[in-house]
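Hi everyone, thanks for making time for this. I'd like to walk you through one structure, so please have a look at it before I start.

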Amino acid sequence: MPVNPLVISARGVDTWLGDQQILFGVDLDVAAGEVVALLGGNGSGKTTLLRTLLGLIPHQSGVIELFGRPVDRFRDWSRIGYVPQRGRLQVANATVDEVVMLGRLARRRPFHLPGSADRTACDEALARVGLTGLGRRPMSHLSGGQQQRALIARALAGRADLLVLDEPFAALDVRTQTSLARLLGRLHEQGLTILIVLHELGAMEPLLERSVVLQLGRVIHDGPLASGPPLDDCRTPECTDIGRVLQPPLAPLGEGAN
Ligand SMILES: Nc1ncnc2c1ncn2[C@@H]1O[C@H](COP(=O)(O)OP(=O)(O)O)[C@@H](O)[C@H]1O
Ligand SMILES: [Mg+2]
């Protein structure tokens, strides 16, 4: 039983996209202060689950609560910072400042220009992610790692206490991944709860307390990370350490295979 209150609680969630069922009876709890990795092969439903949890797409059955409120009655969106999978975001022409300022939208009075409190929150957010001075750059001029930082700053500018990140390390080199993981570690120490979709544990491994593994839209593991071989090596029959694998072990290849 988690000691801290739940920031995400999902029970029996089914999601259909068109005429295809993508999620099947998914249960997922995330307690305040946790760092949880959501793992699974391509097409297993990770992005769909995040979008369902955040009410961006409807679910056909099940119950979702955010910070103790049903998702359809949840209004406190600035508490949640969503960093979508790269490639989904159409902000190449926007400046870093404009993107980060979007994080203030839910906190601003409608039809009012940003005020000094908004400006301060943006500057503080940029400083926290190490992008001070880059506010006027177009997003397209930033490196991949800097773009991820700007998106995290957008969440911080809204004073989010839950960060939801969808494969933030994709296409980043190992050094950049490591420094981004360090940033997430600092934010976690400062009290943020983190739900992160990962292709492999990589630089995040030291931070992770728990992994949830999806396969074909179902949760097949939810528990502590255990030590074991690296994810990409997990293709042998003896690799049964499901908390670390993207897919269940492949069937034995036959006599003498290893
Ligand atoms: N808009 C959509 N309409 C129909 N099917 C979709 C749509 N988006 C994704 N899917 C399907 O849903 C499944 C899960 O996709 P997704 O959640 O993106 O998986 P993951 O993030 O784990 O790679 C895939 O089979 C994908 O083809
Ligand atoms: Mg995805």
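Let me begin with how the elements got their names: helices and strands here are DSSP runs, with at least four residues for a helix and at least two for a strand, numbered from the N terminus. One more thing to keep in mind is that this is a predicted model.

So, which elements each supply at least two residues of the shell around ligand 1? They are β2 and α1, the latter covering residues 46-53. The largest share comes from α1, with 3 residues. If you want to find the site on your screen, the residues surrounding ligand 1 include Leu17, Gln20 and Ile22, and then Gly41 and Asn42. Gly43, Ser44, Gly45, Lys46, Thr47 and Thr48 are in the shell as well. Sorted by class, the shell has 2 nonpolar, 8 polar and 1 charged residues.

Now for some individual contacts. A polar backbone atom of Gly43 sits 2.8 Å from an oxygen atom of ligand 1. With Lys46 it is the side chain that takes part, placing an N or O atom 2.7 Å from a ligand 1 oxygen. Thr48 also uses its side chain, and there the distance from a polar atom to an oxygen of ligand 1 is 2.5 Å. How much of ligand 1 does the protein cover? On its own the ligand has 570 Å² of accessible area, and 59% of that is covered by the protein.

Next, the metal. Ligand 2 is a magnesium ion, coordinated by OG1 of Thr47 and OE1 of Gln85 at 2.0 to 2.6 Å. These two residues come from distant parts of the chain: Thr47 is in helix α1, while Gln85 is in the loop between β6 (80-83) and α2, 38 residues apart. Are they buried or exposed? Thr47 has a relative accessibility of 14%, so it counts as buried. Gln85, at 24%, is partly exposed.

Staying with α1 for a moment, 7 of its 8 residues are buried. Among them are Lys46, Thr47 and Thr48, the residues we have just met, along with Leu49 and Leu50. Just after this helix, Gly55 has a positive phi of about 70°.

Let me finish with the salt bridges, of which there are 8. One is between Arg11 and Asp29, whose closest N and O atoms are 2.8 Å apart. That pair reaches from strand β1 (residues 6-17) to strand β2 (residues 20-31), with the partners 18 residues apart. Arg11 has 39% relative accessibility, so we call it partly exposed.

Another joins Arg210 and Glu34, with 2.9 Å between the closest N and O atoms. Arg210 is in strand β9 (residues 210-215) and Glu34 is in the loop between β2 and β3 (35-40), so this bridge ties together parts that are 176 residues apart in sequence. Arg210 and Glu34 are both buried. Salt bridges with shared partners also bring in Asp222, making one network of Glu34, Arg210 and Asp222.

My last pair is Arg104 with Asp118, at 2.8 Å between the closest N and O atoms. Arg104 lies in the loop between α2 (96-102) and α3 (116-128), and Asp118 is in helix α3, so parts 14 residues apart in sequence are tied together. Both of these partners are buried.

That's my tour, and I'm happy to take questions.

Key:
Residues are numbered from 1 along each chain as its sequence is written. Chains are lettered from A and ligands numbered from 1 in the order in which they are written. This is a predicted model: local features need pLDDT of at least 70, side-chain atom pairs count only at pLDDT 80 or more; totals for chains, interfaces and linings use all residues. Side-chain values use heavy atoms; hydrogens and water are left out. A salt bridge is a side-chain nitrogen of Lys or Arg within 4 Å of a carboxyl oxygen of Asp or Glu. Buried means under 20% relative accessible area, exposed over 50%, partly exposed in between (1.4 Å probe, protein chains only). A residue is near a molecule or strand if one of its heavy atoms lies within 4 Å of it. A polar contact is a pair of N or O atoms within 3.5 Å; within protein, one must be able to donate a hydrogen and the other to accept it, and residues adjacent in sequence count only if both atoms are side-chain atoms. Accessible areas come from the Shrake-Rupley method with a 1.4 Å probe; for residues, only the protein chains shown count as cover. Ala, Val, Leu, Ile, Met, Phe, Trp, Tyr, Cys and Pro count as nonpolar, Asp, Glu, Lys and Arg as charged, and the others, Gly among them, as polar. Donors are N, O and S atoms within 2.8 Å of the metal (3.2 Å for Na, K and Ca); water is not among the atoms, so sites may look incomplete.
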